[in-house]
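Here's a quick tour for anyone meeting this structure for the first time. Have the sequence and the 3D view at hand as you read.

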Amino acid sequence: MASPGFSGLPTRCIVSVPATERSISPKKCDHRVVDSHRSCQLRPASFSIPNSSWLLGPLTKLRNVTLAIGLCTAVPLLAVLIVAMKDMDEVMNAGMPAVELLYQATGSTRVTVALSVLLTIVYAAGISPQWVTCGRLAWAFARDRGTPFPDFFDNIDERLQFPLRTTIASTVFAAIYGLIYLASTTAFNSIITSAVTLLNLSYAIPQAILVTRGRAQCLPKRPLDLGRWGYICNIFAPLWITVVGVVICFPYSLPVTVGSMNWSAPVLVGLFLIILIFWVLIGDEFKGPDIDWGMLNLKNEAPSDASTCG
C-alpha cells in the first residue's frame, strides 16, 4: 500500500515495495532459516538441502502442499478483504487493523471474533518452532564464539540432546523484545522493518563477495552448480537489495512528523554500533566455522553415498 502524500504512479509503486517485501519476508525467513539450521544434520548439506527442498521426500511433500494451500487460500482471501474494505483510514488507525478489516468485510461481530480466534491459534502454533530455530542458530553462533559468554551458551543438554540454554535465552529475549510494542508501536514497527532489511543484507553480502572475488575462488565443488549463470543472481541480489534498503527507509506518509517518521535508518545505525561494540569486545574470540574444504569437496563429489542423521 502506497503511503499517503506521495504523488505519481511511479513513486507510489516504488514506495509500495517495502510493504510487499515485509509481507513475504516472514515466509522467506522461515524456510531459509529452517534450511540453515537443518544443514548441520544432513550430510552432505549441499546436496541434501536442495534435494529435499525441490524434489521428493515425505516432509518436503507436506511442506510444498502446505505452501500450495497457503497460496490458494491467502490470495483469494486478501482479494476479498481488499474489495470489501469500506474505510481504509479506520483500518490504518485501528488498534488491531486485522480485526477491523475482518469486521468491515463480514459485518458481523461473531464472525469477526471467530476468525480472530483462528488467526490467534495459527500465530500461537508458530511461536514454539520459531523459538527452537532461534535457539539453534544462537547455539551455532556461540559454538563459533560469536556471542557473549560462549562457554556457557555452547552447551547441549545431555538429557534432551538439545541446546536448551540458548533456546531459553532466545525465548526470554523475544518476550522482552515484545514489550517494546506496549511502549511505542512506531518503535516496534521500525525495528521489525529493520529486521527485514538486516535479513536482506545477510543474503546480499555473500552474493557481493562472490562477485568481487569470483565464484570459483569462494565456492567448493557442489552437486548443483549454476556455473557462470550464477553471476546473474550474485549481481542482481545486491543491486535489488540496495534499492529496497533505501526505499524501505522512506517515511510512511507526507508530511513527516515525529509520530509518522520511519525510524528504520536510526535503528539500523544503532544496531550497527552495537555490533561494532561487540566486535571490539569479543571479536578476537570469534573463530568461525571450522571447515575442511578438501573433505567437503570429496563428499560433494559423491552425494549418492550420503546418509542423513538426527
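## Asp-144 and the salt bridges

Let's start with Asp-144, which is buried, with a relative accessible area of 9%. Its salt-bridge partner is Arg-143, and the closest N and O atoms of the pair sit 3.7 Å apart. Arg-143 is partly exposed, at a relative accessible area of 33%. Keep in mind that what you're looking at is a predicted model.

How many salt bridges does a search of the whole structure find? The count is two. Besides the one between Arg-143 and Asp-144, there's a bridge between the side chains of Arg-145 and Asp-151, with 2.9 Å from N to O. Arg-145 is partly exposed at 23% relative accessibility, while Asp-151 is exposed at 58%. As for what lies behind such pairs, side chains of opposite charge can pair when their charged atoms come close.

## The chain as a whole

Stepping back, the protein chain has 15 helices and zero strands. Of its 310 residues, 25% are buried. The accessible surface adds up to about 20,400 Å², and carbon and sulfur atoms account for 71% of that.

How about contacts along the sequence? Take the contacts between residues at least 6 apart in sequence: 57% of them join residues at least 24 apart.

## Two loop residues with a positive phi

Most residues other than glycine have a negative phi. Phe-149 goes the other way: its phi is positive, about 50°, although it isn't a glycine. You'll find Phe-149 in the loop between helix H7 (127-143) and helix H8 (150-153). Is Phe-149 buried or exposed? It counts as exposed, at 63% relative accessibility.

Gln-161 is another non-glycine residue with a positive phi, in this case about 55°. Gln-161 lies in the loop between H8 and H9, and it is exposed at 59% relative accessibility.

## A nonpolar patch on the surface

Now look for a nonpolar surface patch of about 760 Å². The residues making it are Leu-160, Leu-164, Ile-168, Val-172, Ile-176, Leu-179, Tyr-181 and Leu-182. Helix H9 (164-178) and helix H10 (180-183) each supply at least two of the patch residues. The largest share, four residues, comes from H9.

One of the patch residues, Leu-164, lies in helix H9. Leu-164 is partly exposed, with a relative accessible area of 30%. In general, an α-helix has 3.6 residues a turn, so residues three or four places apart point the same way.

## Two buried threonines

Helix H9 also holds Thr-166. In contrast to the partly exposed Leu-164, Thr-166 is buried, at 2% relative accessibility. The side chain of Thr-166 reaches the backbone oxygen of Pro-163 at 3.2 Å. Setting aside neighbours within four places in sequence, Thr-166 is in contact with Gly-135, Ala-138, Trp-139 and Phe-153.

Thr-112 sits in helix H6 (residues 109-125) and is buried too, at 5% relative accessibility. Which residue's side chain makes a polar contact with the side chain of Thr-112? That's Thr-106, at 3.2 Å. Not counting residues up to four places away in sequence, Thr-112 touches Val-99, Leu-102, Tyr-103 and Thr-106.

## Helix H13 and the loop after it

Helix H13 runs over residues 230-247, which makes 18 residues. At 1.5 Å a residue, H13 should span 26 Å, and its end C-alpha atoms are indeed 26 Å apart, so the expected span and the model agree. Which residues of H13 are buried? They are Gly-230, Asn-234, Ala-237, Pro-238, Ile-241, Val-244 and Val-247.

Carry on along the chain and you reach Met-261, in the loop between H13 and helix H14 (264-282). Met-261 is partly exposed, with a relative accessible area of 28%. Cys-249 is 12 residues away from Met-261 along the chain, and the C-alpha atoms of the two are separated by 9.5 Å.

Note on methods. Residues numbered from 1 in each chain as written. Predicted model: local features only at pLDDT ≥ 70, side-chain atom pairs only at ≥ 80, totals over all residues. Heavy atoms only, no water. Expected span 1.5 Å × (residues − 1). Buried < 20%, exposed > 50% of the residue type's maximum accessible area, 1.4 Å probe, protein only. Salt bridge = Lys/Arg side-chain N within 4 Å of Asp/Glu carboxyl O. Patch = residues over 30% accessible without salt bridge, like charges linked within 9 Å, V, L, I, M, F, W, Y side chains within 5 Å. Areas by Shrake-Rupley, 256 points an atom, 1.4 Å probe, with all protein chains shown as cover. Polar contact = N/O pair within 3.5 Å; in protein donor to acceptor, adjacent residues only side chain to side chain. Contact = heavy atoms within 4.5 Å.
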